[in-house]
Amino acid sequence: MSLLESTEDKPLSILYVDDDYEDFLLTEAMLQSHSRTDYEVEWVDTFENGIEKLKSLKPDACLVDYNLGEHTGIEFVQWAKEAGFEGPMILLTGRNDSDLDQRALAAGAVDYLEKNAVNPNLLARAIRYAVHRKHIERELSTLASSDHLTGLRNRASFDSELRRVTSSCLRTGKPFALLLLDIDHFKEANDTLGHQAGDALLIEVAARLSDCCRGGDIVSRWGGDEFAVIADSIGSALGAANLANRIVMSMNQPFDLGDQSIRTSASVGIVYCNEEMAARPELLSFADQALYRAKAAGRNGCAFFDEEMNKELRQRLFVKEELELAVNWNRLQFMGQPIVCAQDNRLCGIELLARLTAQNGENIPPDQFIAAAEDNEMIWAVTRAALACAGAWHSSAFGGQKGNGRISINLSPKQICRSDAAPIILDLVEQSGVKAEWLDLEITENGIMADIERTRETLTILKEAGLTISLDDFGAGQTSLSYLAQLPIDRLKIDRSFVRKVMTSTEAQAISESVVALANRLGIETLAEGVESAEEADFFRNAGCAVLQGYFIGRPAYMELPEPVAANA
Ligand code: C2E
Ligand code: CA
Ligand code: CA
């Protein structure tokens, strides 16, 4: 089937942009009188409407009048090109002007017709040829830019995309990641399996690579077993590492090649490009060095070009593994830090703080493993582990005086902002066997402000079940107290960075005093966090703060001395 025939099968949709309605009727009549092709002609009368319509209709071709009020048809053609419209555009004009003809073509129109010289056959032919030519142009450019084996982009097309993405990064500052992938020991596999199976393997690798990436990412095969990706929807080095890890894991799955199943692995080099990086001409060689590093580290993994990022990546992987082990073997521990009433120093609460000791004895800071846990669903396992020991903490601290104190559990923003947060949390509480009345949940303002309505619903359900809610780290973020007051919060924990300033800044004193006073008036209890001295404790007590917490009151401690590791083994 020729391209010409294929375009004649179905009606051609035409967008007609002209401020003159009579000209439209005339043109439409001309096209309808042409019996060989069906046309669906849409008319718009202004430049702006034309732009809108072009986006929504995506017509097969566009006819544009030169006179469009304040704009010209040439401007329209230029705009449409820049906006990515790839269909043919034909400029119509009332005057005979050879200069206009040149300018129309230079702007990107495929043809130029004089309205008064046009007849049905001429118009139909111009449209048909234009559509046909565009079709061929597109096929040719796909052919020229793709790898014939896998259908991915080829090296030449990748290079031009890389130029486009780097210059866009330099202009907008939007970072991107460049990944280089190479199948480990591909040559040996290709030699033993035979070239046909080798090709089948490459095709499957290409498909998996595309599956790991997002729609807008540029995936290409450079030849042999070398592949490259430009991911410009990635906002951080961590995001790039996650993508690379996804790719490495996907290549670890067995490949079914007809009658045999084989296993292989891949190494990935990563360059995370911010503006500064994008300005460097050696970008591709950096990616090469990163790939080399991944291979040198034992293959089947990824590495950054940047040594700092590499260290971070290794540390993250280490932390993630240790956290997984600790969760699976119930080795995650919790320290309790006392919370006391400011007036009489009576113990009224205990905050549980997670502790992770690596197999090598190293203590991993909570900020690190909590961030790793937030990356996936493991954060819920941390909450489950906290709840599992909350009962014991409660009976050891408040056993004799029912209802006199609560155990505070920290939740991450990622957990509380889920739409199903309330049922998940209540389910975990129920499974733990701990009474809701013994518990307090600490949440932070990030994550809850994105959808305040939903947060209100979540918190209301949790409170109805008997839990109390504390807002952690208040003062570290930007949100104002009056805004937060829209939420059903029981307690405000004034961040320790703020508490620290009070002794040296009269401004911080004034702000603290008014925050405490305002919260009290709203019926919200206030707690000063990280109180390290008698002076700080006095200041907040006098300001009207109900509860205090910090090293001065008591450091976090284990409930009992942890059993020696050897005794567990
Ligand atoms: P946070 O909730 O603000 O916890 C208070 C942190 O301040 C704790 O650090 C505590 O040890 C420390 N701290 C308490 N009093 C003082 C003081 O007087 N001076 C100073 N300099 N520090 C004090 P830690 O244990 O390192 O925890 C850090 C963060 O990790 C916590 O901040 C919390 O956001 C998170 N975290 C800890 N355990 C969990 C958990 O089970 N789940 C979740 N989602 N996050 C947790
Ligand atoms: Ca906390
Ligand atoms: Ca805090």
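Donors here are N, O and S atoms within 2.8 Å of the metal (3.2 Å for Na, K and Ca), and water is not among the atoms, so sites may look incomplete. This is a predicted model, in which local features need pLDDT of at least 70, side-chain atom pairs count only at pLDDT 80 or more, and totals for chains, interfaces and linings use all residues. Residues are numbered from 1 along each chain as its sequence is written, and side-chain values use heavy atoms, without hydrogens and water.

Let us start at the calcium ion (ligand 3). Its coordination comes from Asp 472 (OD), Asp 473 (OD) and Glu 529 (OE), with Glu 529 (OE) listed twice, at 2.2 to 2.5 Å. Along the chain, these donors follow the spacing D-D-x55-E. Asp 472 also coordinates the calcium ion (ligand 2), which lies 4.0 Å from the calcium ion (ligand 3). Asp 472 is buried, with a relative accessible area of 7%, whereas Asp 473 is partly exposed at 28%; buried means under 20% relative accessible area, exposed over 50%, and partly exposed in between (1.4 Å probe, protein chains only).

Now to the salt bridges, each a side-chain nitrogen of Lys or Arg within 4 Å of a carboxyl oxygen of Asp or Glu. The whole structure holds 32 of them. One of these joins Asp 184 to Lys 295 (3.4 Å, N to O). The pair links distant parts of the chain, 111 residues apart, and both Asp 184 and Lys 295 are buried. Asp 344 and Arg 346 also meet in a salt bridge, at 3.8 Å from N to O; here Asp 344 is partly exposed, at 48% relative accessibility. Finally, a network of salt bridges links Asp 18, Asp 23, Asp 65 and Lys 115.

Conventions
Chains are lettered from A and ligands numbered from 1 in the order in which they are written. Helices (H or I, at least four residues) and strands (E, at least two) are DSSP runs, numbered from the N terminus.
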